[in-house]
Amino acid sequence: MSKLPLVALVGRPNVGKSTLFNRLTRTRDALVDDTPGLTRDRQYGIMKRGDTPFPMVDTGGFEADPGETMVSLIRGQTILAIEEADIIVFVVDGSTGPLTDDYAIASHLRSSGKPVIIAANKSEKKAATASIEFHELGMEPIIPISSAHGLGIGDLLETLEEMTDAMEGFCRQPEEQLLPLEVEQENPEVAREPRFKGPLRLAVVGCPNAGKSSLVNRLVGEERLLASEIAGTTRDSIDVPITDANGETVILVDTAGIRRKSRVSLRVEKFAVIAALKSMERAEVAILVLDAQRGVTDQDKRIGSYALDAGCGLIFAVNKWDTMPPGQQTIRSFQEGLAIHFPRLTHCPVIFLSAKSGKRVEKLLPTARKVRQATQMRVSTSNLNRWLEQAIEKKAPPRAAGRPVKIRYCSQVSSSPPTFVFFCNRPEKMEESYKRYLENQLREAFALDGTPIRIMFKGGENPFAEKAQKKRVRSRIPPKRKA
């Protein structure tokens with residue numbers, strides 16, 4: 001089957017590649033700032049004009065003579081993008097003309113044999129002369145653009161379409177369409193909402209240098225992301241699609257390390273932290289990576305609270321476990337510490353693994369699928385109220401000011417996360433301890449481990465019973481006779 005052409009944005013640092021990426025994909029996925037070297041990992045997206053989609057990859061700045069370790073790693077990621085791309089958009093700075101690094105990049109692109117388009121960015125003030133200056137690079141076509149102002153973007157898109165039409169083996173339509181709705185009914189007592197059979201979305205979060213990128217690379221099976229012992233290596237939130245052992249697609253979202261606000265000094269890092277927090281809101285399950293050597297920190301506890309507030313499922317991945325003393329006593333001691341530090345998250349699965357050696361990493365994806373099922377679970381109203389009778393019989397709500405607090409009815413109003421409403425006579429008097437009791441009983445009865453549960457108390461009579469009473473009254477009124 002024909003495939004879609006992959007377009008790679010390549011150029012030296014701070015020429016506007018990420019701004020152009022956001023302009024073409026109509027997103028804000030790539031971080032944009034005047035700081036050179038902001039983009040480090042490959043960032044993928046979809047550019048679409050009419051019926052013509054183009055998968056696109058943004059890359060870090062390519063430097064001819066990388067001296068630092070980080071610059072060398074970024075250059076390696078860019079070379080990988082060039083190798084897998086079908087068309088290269090070579091982004092240059094039209095306001096400065098060709099520089100030494102531009103000549104080196106042009107030489108590397110010529111040796112790749114890939115079709116190249118030169119996009120002379122920042123040419124809003126000298127569009128007429130930009131094309132002439134960059135003829136020295138020995139490549140055509142040259143298109144003056146301004147990604148910040150949108151100038152010349154239409155010409156760039158038309159050139160991409162013409163270049164794609166001239167190439168063999170590519171189609172103008174995407175391979176896969178949206179799959180139909182699917183309803184799972186493994187347990188007849190528990191129904192799940194109809195949903196798109198879309199990929200599972202996992203956000204990999206944690207403190208800096210906990211091993212998040214290394215864990216994603218282990219799951220992918222290649223060095224897809226920059227992984228270094230230098231804290232703060234990852235800045236963007238990067239979506240990485242993979243195929244699991246069952247042939248199903250999973251999207252891994254690697255995020256920047258989340259530090260305390262008082263320690264976040266750079267504006268760029270603040271943007272990265274915000275992107276990491278937003279990734280949990282878009283994910284179905286978050287994998288909180290903990291450093292086994294460092295133990296649980298205060299910031300780990302804050303990140304766990306963020307995931308709880310975002311409403312996504314949560315898994316604890318205790319990384320670097322190969323460096324810990326072997327034995328069940330070590331595992332038991334760490335689990336007891338987790339229960340102390342995360343008292344509201346004791347229901348979440350814990351996996352002790354090593355991203356470096358791959359030990360127990362294979363347990364992550366099956367566990368994540370179980371957690372996603374829990375977040376999407378729907379319990380029928382009849383089963384829920386049968387459970388409620390047993391829970392109240394086992395432990396009745398505490399009295400308040402000498403008067404009983406009675407729960408009359410319960411209903412699940414939504415999922416992702418599961419949300420339950422309890423109708424009672426005095427909702428303002430319901431104690432927090434009894435709310436936790438109901439939550440624990442719900443988890444035990446309906447396998448809701450790993451997912452947050454939202455519980456609300458409302459006053460008034462049972463609305464469903466009131467509706468049934470009106471229906472009975474109407475049924476006793478004799479119909480009017482025809483004249």
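Right after helix H6 comes Gly-221, a residue with a positive phi, near 90°. That's one local detail in what is a predicted model, so here's a quick tour of the rest, starting with the overall numbers. The protein chain carries 13 helices and 19 strands, and buried residues account for 49% of its 483 residues.

**Whole chain**
- Take the contacts in the protein chain with a separation of 6 or more: 70% of them join residues 24 or more positions apart.
- The accessible surface adds up to about 24500 Å², and carbon and sulfur atoms own 50% of that.

**Helix H6 and what follows**
- H6 covers residues 212–220, and its buried residues are Lys-212, Ser-213, Leu-215, Val-216, Asn-217 and Leu-219.
- If you're checking backbone torsions here, Gly-221 is the one to look up, with its positive phi just past the end of H6.

**Helix H1 against helix H5**
- Two packed helices are described by the angle between their axes and the distance between the axes.
- For H1 (residues 17–25) and H5 (residues 153–166), the angle is about 75° and the axes sit 12 Å apart.
- That angle makes H1 roughly perpendicular to H5, because the bracket for that label runs from 65 to 115 degrees.
- On the H1 side the contact involves Leu-20, Arg-23 and Leu-24, while H5 brings Ile-153, Leu-156 and Leu-157.
- Sorted by type, the residues of this contact come out as 5 nonpolar, no polar and 1 charged.
- As background on spacing, an α-helix has 3.6 residues a turn, so residues three or four places apart point the same way.

**Asp-254 in strand S12**
- Asp-254 belongs to strand S12, which spans residues 249–254.
- Despite being an aspartate, Asp-254 is buried, with a relative accessible area of 0%; the cut-off for buried is under 20%.
- Asp-254 also pairs up in space with Ala-203: they're 51 residues apart in sequence, yet their C-alpha atoms are 6.4 Å apart.

**Cysteines**
- How many disulfides does the structure hold? The count is 0.
- Cys-312 is in no disulfide, and the nearest cysteine sulfur, on Cys-348, is 9.4 Å away; a disulfide would need the two sulfur atoms within 2.5 Å.
- Cys-312 counts as buried, because its relative accessibility is 2%.
- Cys-424 counts as buried too, at 0% relative accessibility.

Note on methods
Residues are numbered from 1 along each chain as its sequence is written. This is a predicted model: local features need pLDDT of at least 70, side-chain atom pairs count only at pLDDT 80 or more; totals for chains, interfaces and linings use all residues. Side-chain values use heavy atoms; hydrogens and water are left out. Helices (H or I, at least four residues) and strands (E, at least two) are DSSP runs, numbered from the N terminus. Buried means under 20% relative accessible area, exposed over 50%, partly exposed in between (1.4 Å probe, protein chains only). Contact means heavy atoms within 4.5 Å. Accessible areas come from the Shrake-Rupley method with a 1.4 Å probe; for residues, only the protein chains shown count as cover. Axes are lines fitted to C-alpha atoms, for helices over the stretch in contact, and angles run from 0 to 180 degrees between N-to-C directions. Angles under 35 degrees count as roughly parallel, over 145 as roughly antiparallel, 65 to 115 as roughly perpendicular and the rest as oblique. Ala, Val, Leu, Ile, Met, Phe, Trp, Tyr, Cys and Pro count as nonpolar, Asp, Glu, Lys and Arg as charged, and the others, Gly among them, as polar.
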